[in-house]
Amino acid sequence: MEKSLDDFLDILTPVTSLPENHNITTYLSNRKIPTDRWVDIFYTEDFFEILRRVSSRTYNIVLEQLMFPEGSLLPKENRIVTVTRKRNGTLHCFVGRSIGNYNIQTKYRSVSTDTKEALFYNIERIDPQKTVYICEGVFDAMQLDNAVAQCTIAGPETMISGGTYMKSLKNYKSSPYLDLPFDDIVFVFDNQLSFKPVNNSYKKLVEWGHKVFIWPKGLEKYKDINELIFGYTKEQIHDIITENTFSGDAAMKIIRSCDDESS
């Protein structure tokens with residue numbers, strides 16, 4: 001019988017059980033992560049051990065990618081781990097976020113035993129009748145109402161990958177988001193429109209008919225929504241997003257003008 005990710009929760013430590021002065025709880029507090037979302041956050045001192053236990057096959061693939069000998073153990077990695085569930089509440093994915101500088105890791109790594117569906121953080125809480133914001137990062141989605149963060153587009157049966165999905169969009173002939181059970185979607189990326197992969201992803205989404213939030217001038221010092229929360233309230237951020245959401249020709253004109261500036 002295939003194991004569920006619930007079988008591996010025992011090797012994760014809920015951050016709600018950590019003391020207030022622990023470096024992880026201090027980190028989350030300093031990042032202004034809402035405490036009502038801490039229930040989704042865990043901690044591990046050995047993220048690759050989770051991967052090894054979930055899928056030895058994928059673990060061996062990572063060994064090869066990182067040029068470690070077959071049968072060896074990958075070094076321990078401290079990571080914050082966010083749990084991602086399906087619409088029905090079934091545990092779907094562990095998203096590990098780095099909390100230090102390591103030369104063998106990407107910032108985000110996702111581990112799942114089932115990626116037949118795209119992986120979204122917070123999708124089980126979404127009201128599909130309201131506007132749904134698809135964010136680039138889990139922490140960004142925690143700062144908004146009715147927001148999800150995409151961890152991966154549907155991939156292999158069991159996988160580990162980076163958290164950003166920008167480069168994956170180019171492999172799709174049509175939008176992979178058309179089957180989502182939402183009436184209205186707005187994509188909220190980081191404040192990097194001049195960065196070519198992000199710029200290209202904006203263009204792709206607009207070509208497919210989607211709406212995108214384009215960061216207005218004057219907010220250049222903020223890298224993403226999770227930084228914007230230090231200068232604005234959640235309500236103000238929602239207003240900024242609403243006032244700067246575009247689609248069609250209007251969106252493409254702004255995107256191309258920024259593309260021209262960076263070339």
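## Helix 1 and its neighbours

What do the buried residues of helix 1 pack against? In this predicted model, they pack against strand 2 (41-44), strand 3 (79-85) and helix 4 (138-142). Helix 1 itself covers residues 23-30, and its buried residues are Ile24, Thr25 and Leu28. Look down the axis of helix 1 and you'll see these buried residues fall within an arc of 95°, so they line one face of the helix.

Just after helix 1 comes Lys32. Check its backbone while you're there: the phi of Lys32 is positive, near 60°.

## The whole protein

Now zoom out. The protein has eight helices and eleven strands, and 50% of its 263 residues count as buried. Here "buried" means under 20% relative accessible area.

Many contacts link residues that sit far along the chain from each other. Take the contacts between residues at least 6 apart in sequence: 66% of them join residues at least 24 apart. As for the outside, the protein exposes about 13,300 Å², and carbon and sulfur atoms supply 48% of that area.

## A cavity inside

Rolling a probe the size of a water molecule over the atoms shows where empty space is left. How many cavities of 30 Å³ or more does the count come to? It comes to one. The largest cavity holds about 40 Å³ of space.

Who lines it? The residues around the largest cavity are Ile80, Thr82, Val95, Arg97, Tyr108, Val138 and Phe139. Strand 3, strand 4 (91-98) and helix 4 each supply at least two residues of this lining. You've met two of these elements already: strand 3 and helix 4 are also among the partners of helix 1's buried residues. By class, the lining of the largest cavity splits into five nonpolar residues, one polar and one charged.

## The second largest pocket

Next, a pocket. About 330 Å³ of space lies in the second largest pocket, and 18 residues line it. To find its centre on screen, look for Leu193, Ile214, Trp215, Lys217 and Cys258, the lining residues that lie nearest to it.

Which helix gives the largest share of the lining of this pocket? That's helix 8 (residues 248-262), with four residues. Sorted by class, the lining of the second largest pocket has nine nonpolar, five polar and four charged residues.

Terms used: Residues are numbered from 1 along each chain as its sequence is written. This is a predicted model: local features need pLDDT of at least 70, side-chain atom pairs count only at pLDDT 80 or more; totals for chains, interfaces and linings use all residues. Side-chain values use heavy atoms; hydrogens and water are left out. Buried means under 20% relative accessible area, exposed over 50%, partly exposed in between (1.4 Å probe, protein chains only). The arc is that of the directions from the helix axis to the C-beta atoms. Contact means heavy atoms within 4.5 Å. On a 1 Å grid over the protein atoms alone, a cavity is a set of points where a 1.4 Å probe fits but cannot get out, and a pocket is an open set with protein on both sides within 12 Å along at least five of seven lines; lining residues have an atom within 4 Å of a point. Grid points are joined across faces, edges and corners, and a volume is the space filled by probe spheres set on the points. Ala, Val, Leu, Ile, Met, Phe, Trp, Tyr, Cys and Pro count as nonpolar, Asp, Glu, Lys and Arg as charged, and the others, Gly among them, as polar. Accessible areas come from the Shrake-Rupley method with a 1.4 Å probe; for residues, only the protein chains shown count as cover.
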